[in-house]
Structures are given as C-alpha cells and as structure tokens.
Amino acid sequence: MCGIVGYVGSREATEVLIEGLRRLEYRGYDSAGVAVLNGSGVQVRKAVGRLSALEDELRTNPAKGGVGIGHTRWATHGVPNLVNSHPHVSYDGKLSIIHNGIIENYRELKNELLEQGVQFKSDTDTEVVAHLLAKNYDGDLLATVHKVLKRLRGAYAIAVCHSDEPNRIIATRVGSPLVIGVGEGENFLASDVPALLKYTRKVIFLAEGCLAEVTREGVRLFNTEMQPIEATVTETDLTLDAAEKEGYEHFMLKEVHEQPHALSETIRGRIEGERIDLSELGLTADMLHGVNRIAILACGTSLYSGMVGKYLLERFTRIPTETWSASEFRYADPVIDPGMLVVAVSQSGETADTLEALRIVKAGGARTIAVCNVMGSSIPRHCDATLYTRAGPEIGVASTKAYTTQLAGFVLLAVGIGRLLNRVSDVEEARIVQGLRELPAQVKSLLDEDIVAVKRCAKRYKDVFNFMYIGRHFNYPTAMEGALKLKEISYIHAEGYAGGEMKHGPLALVEGTFPTIAIAPQGKTREKLISNVQEIKARKGVVVMVSTHGDEEARELADYLIEIPACEEELSPILAVVPLQLLAYYTATQLGRDVDKPRNLAKSVTVE
Ligand code: F6R
C-alpha cells in the first residue's frame, strides 16, 4: 500500500498535501513526509507514525512553496523509521521521489550503484530509484524518468520532482494506482480519488506504463514510447466517505474484495518457475538443523490460520507441530528447548499475548519465525526471520485478507522448509506452486459470482440464535474461523466443530430450524463430512454446504449450496473461507450491526 500525493499551483503545497494524505491514511500510517520546492532547493519534512506527527513537524519547521509531493507509508522494505520515510532524496540533494509499490530488482540496482560509489541512507527500494534517476539525469526530468523506467521491475506508482526544474512533477505507474486531478491554474496527483475531492472532481486515471507531466498550466501524458497521448478527463461523483472505501459500504467488504490482490502480493517474488523461493527470510538447512518440533503461537483468527499451518507444516516437513493459543501457552508451563522452532502469527504484530509468549520461547532458546502483516511491528522485531503477508492495511476489525494471506504464507513456509529438508519432491512442489498461481484468480471468480446463495442464506437465518459450522482436517479451522466471523460482527452465537465430533454431543442441538454450515470441498475428508451431513439431515437439520463446483452429491443434500472452484486440497481453506466471510458480513448488515467496529472489540489487542 502507501499513499502518494502531488501538487503544483499557487496555494501552499503543504496544505494540499496534508489534506490529500489525510484521505490516504487508510493506505498506511507508519510514517509520512513531504518534499516542497520553492525555486531555491528542495525542503523535506518527515515524521514517524500518524500524519499528525508530520503536521506538528511542519508547524515547527514550515516548508513554503507551491510545488510538492507527499507520502504516507505502509512499510514493505525497511522498518518504519525516519530514514526509511518518503520522500527520498538523491545523493546530490536535488531530486526527490515518492513511491507506492515494490521494486523487485532493487537489490541488483543497489549493488550497481554501490559499485559506482553511491552511499545509501535507508533500507528502502525507493532510495535506489532516487539515485538511479540522479545518475541518469540529463537536464530533462521527463526524459530521465522514461529512460530509468526501463530498468525497474515490479509494481509502482512514483512521483518525482527536481530542484533544477521547480515547476513540474513527473509521475508514472505500473501495477499501482495513480490518478491525476485537473484544476484551474493548479493540478494534482494522488494514489486515490479522495485525496483530490476537496479541490477538484475532474480526474484522469493514468494508464498502465504511461507518464504524466504535471505543471500549473496543465497535464501532458505520454505512452511508453514517449508519444503524447490524449487525456480522458472524467468527472467523479464519489463522495469523500464512499471514495475511501472505494465505493464499498464497509472496509470489511472492501478488504474481502481485496483478497485476490493481497494474495498475489503474498506470493509475489516468492515463487519462481516451479519452485518456492524463501531466500528473503534467510532460511537455510543449517538454520533448521536440529529442529525437532514446531510450535505455532497466535490468537483469534491468526490462531485459526495457525491451525491450518500445523497441518501444512506436518504434511510437508514431517516435523511434529502443535498450535497454541498464545494466551494459554503463556501459563501452561510449556517445555521449551533449542530444538523448538516457533512460528508467531499476527496481523498487527502487536498482540500482547503473542508477544509475551514469544518472549518466553526466546528466553528458552527456541528459534523464531513471524508470519505478520505489519512491517517493523513488535513481533517481527523479536523474531529471527519474518514472512510478511503484504495484505495491506486491514481496517475492518474482523480480519479477512490478513487471514487468507496468512494461510498462503503458511503454504509457502511449509513447502519451503520441506524442500530445504529434502522432504518435498519436485513434483509435489510444482503442484503447490501451480495451485498458488491460480489462487488469486480463483478467489476473484468466487467474489465476482456475487454468491447469491450466501445472500439468500443471510436473509433467511439472520434471526436465529445459534449456528453450527463443521469441517474436517484442513477445513476444521475454516469452521472455527467462519463461526468467529459470524459471532464477532453479527453477535449471533456460532460454534466451529470438527465434523466427526458432532455425534459425540452437539448433534443433540439439531432440529428443524437449526442451521449447520458444512465445509466439504474436494479432498481426503470430503466423504466423511458428507456422512456427518447425512446424520444432520436425518435429524431434519438445515444444511448450508460449501463444496467444490460440480459436486452433485452435495447439491442433492444441501438446503443451500455454495460452490467454490476446484483446487489443491491444501489451498482449499483459502477459498472456502471467502463465502463464510460474506455470510457473516451480509448477516451483520441485515441486522444493522456496526460491521467495521463491532461492539467490545478493538483491531489491535495490545493488552493481556
Ligand atoms: C478476528 C480478529 C482477531 C485477531 C486477534 C489477533 O477477526 O481479527 O481475532 O485475529 O486479535 O490479532 P493479530 O493477528 O493482530 O495478532
């Protein structure tokens, strides 16, 4: 994520930039910064944390001028601190740049620049682009950006200004959003429309790979060959509130729909051909030498992803693995030794129970890996290695995209470790890699279908008091997570149960109006779960089935059928949970609940 904004005109640039960044803070708030040109150089101001810290900095240390760029950061390369904050400035102090995205080949470019004697201040991929631009600068910023673009791989939206050309900003994008705002005697750019709405409703959506020159007088666009292209100016009818949520009614729904992109980000750069590449984690066979058991520590939704993680790690590494609720682990007098590898899972990276459990295992000499969404947060800082899930900021309290990306992270980790230990064959690895490649499009197709059965179901059962969710093996945790989603946002009681356990007690609950959600995609335990469903049907229970497309038996049995695309068994929890997120969402909205901020809960649980 990250938000970028730019302004050229006769107002004080910082006022426009701060207003824009405020509207983009949902894209990240690890740090913020601006660079302003006033004809005699560039003035850079930055602050770590929320935008208000930057506002304080600007009050003490103002930056005057009518041309500027601003950035709100969601860290991907380098922890959230002042030197890693944007804008980044080139070694000659003349060029400043803001960036949203990831430059995948930054290491290679950085090495090249280091050889040429360039000194780096930050750990970011963005600083590499600043220096590369300065090295290639020939007095024409537009031509320089065009030239340097050819060397960049990855996804990015960037905006650049140069103190020798104080009247223009050059911007471009590949794979990350960038919109230009058209005004009278002033022009703007931003990652997203809300940043512009206070000033203009006229916008140009910059096409992939194109360049824009933004000046007071106007906007010129160029294609990849540097031929001028016609700008299509559209009038947006978005309101500020709707625009931040990109038209979705709630952040939760937006985040559910962001899952295809989030999953692509998690996988990006970590699969090469038919192989999983976790070299960024610094994991080696040596580092894993002597590991004889794995413990996964987490809370809530992250705990359920850890439960799937156990099955994955055991399948691919054959190392005994247990999953612990971090709050239980802490007080269970656990046996810890250096043969233990601990995986701490957390969206926020700040959950107090997980952090405390981590301290205990570290003191006992265990090796530690974090699976985390927020770069530089406390849990990764306490771990030996981190697999960042790169889902982007999650604002809705109910975790959705963080969960599915954690699951994808566990797939990468399990197969990656399995291969390092020579316990995964090439064929097996290629099968999973292929499945991972297909995953984002499969989740998208599932979301595009709009899942009519989910909405019908939510309408029909919104007034019941109890729900049962059942699944087995990989999808037993899916049942727990589906139930948790419903509980936390609709306030309806729901239980997630292992299908085979129903006959040991809970079957007594079943009668005519009692709904059970049965998660039975293709896989080893499908048939067994179908038998569990038959037991429920025999007692006149209502069954909503989540099964693989074309499963005729499920179609015959189900009162409501929700179909997911066929996939590898190990990846099925990622697809199966999506309709359950939506079921919870539509039930909660029908009941008029505050979906993004359910009662009694908080996004980050930093207390015990
Ligand atoms: C539920 C939810 C919580 C969190 C839990 C752990 O939707 O979001 O159960 O999963 O509080 O939080 P993290 O993952 O930040 O450690």
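A residue is called buried when its relative accessible area is under 20%, exposed when it is over 50%, and partly exposed in between, with a 1.4 Å probe and protein chains only. The exercises concern a predicted model, in which local features need pLDDT of at least 70, side-chain atom pairs count only at pLDDT 80 or more, and totals for chains, interfaces and linings use all residues. Residues are numbered from 1 along each chain as its sequence is written, and side-chain values use heavy atoms, with hydrogens and water left out.

**Exercise 1. Describe the antiparallel sheet and the place of strand β6 in it.**

Step 1. Helices (H or I, at least four residues) and strands (E, at least two) are DSSP runs numbered from the N terminus, and two strands pair if DSSP finds at least two bridges between them. Strands of a sheet pair through backbone hydrogen bonds, either parallel or antiparallel.

Step 2. The order β5-β6-β7-β8-β12-β13-β14 describes an open sheet of 7 strands with antiparallel pairing. Strands β5 (88-89) and β14 (228-229) stand at the edges with a single partner strand each, so one side of each is left without a neighbour in the sheet.

Step 3. Between β5 and β6 there are 2 bridges in the antiparallel sense, and Val89 stands opposite Ser96 in β6. The hairpin of these two strands has 5 residues between them, and Gly93 takes a positive phi near 75° there.

Step 4. Strand β6 (residues 95-103) pairs with β7 (residues 154-162) over 9 bridges, again in the antiparallel sense. Within β7, Ala159 is the bridge partner of Ile98, and Ala155 stands opposite Ile102.

Step 5. Strand β6 is largely enclosed by the rest of the structure, because 9 of its 9 residues are buried.

**Exercise 2. Which strands does helix α4 lie across, and what surrounds Glu127?**

Step 1. A contact means heavy atoms within 4.5 Å; axes are lines fitted to C-alpha atoms, for helices over the stretch in contact, and angles run from 0 to 180 degrees between N-to-C directions. Helix α4 (residues 126-136) lies across β5, β6 and β7, and runs at about 135° to β6.

Step 2. Glu127 lies in helix α4. Residues up to four places away in sequence aside, Glu127 touches His88, Gln119, Phe120, Lys121 and Ser122.

Step 3. Lys and Arg count as positive and Asp and Glu as negative, while His and the chain ends are not counted. A salt bridge is a side-chain nitrogen of Lys or Arg within 4 Å of a carboxyl oxygen of Asp or Glu. Glu127 is buried yet has no salt bridge, since the nearest side chain of opposite charge, Lys110, is 6.0 Å away.

Step 4. A polar atom of the Glu127 side chain lies 2.7 Å from the backbone nitrogen of Ser122.

**Exercise 3. Set out the parallel sheet and the helix that packs on it.**

Step 1. An open sheet of 5 strands has the order β24-β23-β25-β26-β27, with parallel pairing. Its edge strands, β24 (493-498) and β27 (560-564), each pair on one side only. On average, neighbouring strands of this sheet are turned by 20° against each other, direction ignored.

Step 2. Strands β23 (residues 466-471) and β25 (residues 515-520) run parallel and are joined by 3 bridges; Ile470 stands opposite Ala518 in β25.

Step 3. Helix α18 (residues 526-538) packs on the sheet and touches β23, β25 and β26 (542-548), its direction making about 165° with that of β25.

**Exercise 4. Where do the partners of the salt bridges Arg23–Glu19, Arg168–Asp140 and Arg293–Asp337 lie?**

Step 1. The model has 41 salt bridges.

Step 2. Arg23 and Glu19 meet at 3.2 Å, N to O. The two residues are 4 apart in helix α1 (residues 13-24), which means a separation of about one helical turn. Arg23 is partly exposed at 21%, whereas Glu19 is buried at 8%.

Step 3. Arg168 and Asp140 meet at 2.7 Å, N to O. Arg168 lies in strand β8 (residues 165-174) and Asp140 in the loop between α4 and α5 (141-149), so the pair ties together parts 28 residues apart in sequence. Arg168 counts as buried at 12% relative accessibility, while Asp140 is partly exposed at 30%.

Step 4. Arg293 and Asp337 meet at 3.5 Å, N to O. Arg293 belongs to strand β18 (residues 293-298) and Asp337 to the loop between α11 (326-329) and β20 (340-346), so this pair ties together parts 44 residues apart in sequence.

Key:
Polar contact = N/O pair within 3.5 Å; in protein donor to acceptor, adjacent residues only side chain to side chain.
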